Amino acid sequence: MLLMESQEPDTMPEIPVNGKVLEWAREIRGLKISDAATLVGISPDDLRDYEAGRKKPLVGFLRLMSDKYRINFTSLLMPEPLPIERPPADHRMRRGERPLSMDTLLAIEEVREALEAFEDIADEAKRIVPTLNIGAVQLDDDPEAVAARERKRFGVRLEEQRAWRSLDHARLQWRNRIEQRGVFTYMIPMPYDELSGFSMLHQGLAAICVNDREPTEGAKVFTLFHEYCHVLLRQTGISDENNSNRVEKFCNEFAASFLIPRNDLLEAIGDIETPYEFSEATVKRLATRFRVSNAATALRLEKAGLAPTGFYARRT
C-alpha cells in the first residue's frame, strides 16, 4: 500500500533486511563505514547498528541507501549477501595508496556483467558472439617484435593511419579494428588520477575499458593498445601505464611500437645523428603524423634509441 504524503516519517514501516546484505552493499562499493555514513547522512555508529541487525531501516532510508550506493533497491532486500567478486589484478604503481572509487568499481562491475551476459548468449547462439582471435605473448618476448607481428595481423598501413582525419577518428578506427579481433571495448568515465583503463578475460571472452576522462584522444588510443597487450599477455587488470611495474612497462613499449612502427619513424625523422634531443615542436609534428599523443611519441623515440635516456620523462 502506498504511503500518504501526510503520513509522518516515524510511522513509515521498518524493513526486515539482513544487516549482512547492507554491509555487503557498502563493501562492494569500496566504502568505509565513515564514508558510507556521511553519504547517507547518519553517524558511523548508526550505520554499524543497521549492518549488525540491531536496527531496521525505514523504507525511505533504504531507498536513500540504494540511491547513494548506486545499487538496485531489490538487491538490498536479498535474504543473504552474494559472494564478493575477486577484484582484477592491480598493476598500478600507486595501488594500495588509494582505494578504487565507486565510479571505477561500477565500471568494473558493468564490464564483468556484460562478459557474463555474452557468455550466456554464446552458449545459446555461438555465432552471435565474436570469437577471440588474438595471439599470445610472454613477458620475455621483445615488445617491439610483438608489436610488429600484431601490426601485420591488423593489416593497417601507415598511409591509412595518416589518412584518418583526427585523433578522435583514429580512436574510432582502432577501436573497430580491435573489436574485429573479438575483443569487446568500452569507454567509461572514471577518475583520471586513479587509472588509465582496465582489461578482463572471462571464459574465453575479452574486454578492454578505457578511461573516457583521459585528457586527450591520443591518450585514449594509447590505452586501447596498452590494454590490448594485457590481453595478449593473459595478464589483465587495472592499469595506470607506469614504467615501474614490469607488465605495465612491457605494455607501454608494445603500444608505442605498434602505433609508431620503427621503419616509418626512421623515415619521418630523416638523416640525423642519434640519440638526438628532439624539440617539443618536432615531437608534436611526429605525433600528428602518426595520429598519436605527444607522450607516446616521446616514449617511442627513447625506447627506439633515437632519443637519449630520460627523454620521455622530460617531455611528459
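At what angle do the axes of helix α1 and helix α3 cross? This is a predicted model, and the tour starts with that pair.

**Stop 1: α1 and α3**

Select residues 19-28 for helix α1 and residues 44-52 for helix α3. Their axes come within 6 Å and cross at roughly 125°. This angle makes α1 oblique to α3. Now show the side chains where the two helices meet. On the α1 side, pick Gly-19, Lys-20, Leu-22, Glu-23 and Arg-26; on the α3 side, pick Leu-47, Tyr-50 and Glu-51. By type, the residues of this contact divide into 3 nonpolar, 1 polar and 4 charged.

**Stop 2: the sheet**

Move on to the strands. An open sheet is formed by 4 strands, and its order is β1-β3-β2-β4, with mixed pairing. Select 183-188 for β1 and 238-239 for β4: these are the edge strands, and each pairs on one side only. Next add residues 205-211, which are strand β3. β1 and β3 pair in the parallel sense, over 6 bridges. To see one position of that pairing, pick Val-183 and look across to Ala-206 in β3, which stands opposite. In general, strands of a sheet pair through backbone hydrogen bonds, either parallel or antiparallel.

Keep the sheet on screen and select residues 217-233, helix α9. This helix packs on the sheet and touches β1, β2 (197-202), β3 and β4. The direction of α9 makes about 150° with that of β3.

**Stop 3: the nonpolar cores**

Which residues touch the most other members of the largest nonpolar core? Select Trp-174, Phe-225, Tyr-228, Phe-254, Leu-259 and Leu-301, the answer for this core of 52 residues. Helix α9 gives the most to this core, with 9 residues.

Center the view on Tyr-228. Leaving aside residues up to four places away in sequence, Tyr-228 touches Ile-134, Glu-150, Phe-154, Ile-178, Arg-181, Val-183, Ile-208 and Phe-254. Val-183 is the residue seen earlier opposite Ala-206.

A second core, separate from this one, has 24 residues; among them are Ile-15, Val-17, Leu-31 and Met-65. In soluble globular proteins, nonpolar side chains tend to be buried together.

**Stop 4: backbone details in the loops**

Most residues other than glycine have a negative phi, and most peptide bonds are trans. The next selections depart from that.

Select Arg-70, in the loop between α4 (59-69) and α5 (102-124). Phi of Arg-70 is near 55°, a positive value. Is Arg-70 buried or partly exposed? Arg-70 is partly exposed, because its relative accessible area is 43%.

Then select Glu-241, in the loop between β4 and α10 (246-259). Glu-241 is not a glycine, yet its phi is positive, at about 60°. With a relative accessible area of 16%, Glu-241 is buried, as the cut-off for that word is under 20%.

For the peptide bond, select Thr-274 and Pro-275: the bond joining them is cis, with omega about 0°. Pro-275 is in the loop between α11 (262-269) and α12.

**Stop 5: Arg-285**

Finish in helix α12, residues 280-290, where Arg-285 is found. Arg-285 is partly exposed, with a relative accessible area of 44%. Draw a distance from the C-alpha of Arg-285 to the C-alpha of Thr-297: these residues are 12 apart in sequence and 9.6 Å apart in space.

Notes:
Residues numbered from 1 in each chain as written. Predicted model: local features only at pLDDT ≥ 70, side-chain atom pairs only at ≥ 80, totals over all residues. Heavy atoms only, no water. Pairing = 2+ DSSP bridges. Contact = heavy atoms within 4.5 Å. Axes fitted to C-alpha atoms, helices over the stretch in contact; angles between N-to-C directions. Buried < 20%, exposed > 50% of the residue type's maximum accessible area, 1.4 Å probe, protein only. Core = buried A, V, L, I, M, F, W, Y, C linked by side-chain atoms within 4.5 Å. Parallel < 35°, antiparallel > 145°, perpendicular 65-115°, else oblique. Nonpolar A, V, L, I, M, F, W, Y, C, P; charged D, E, K, R; others polar.
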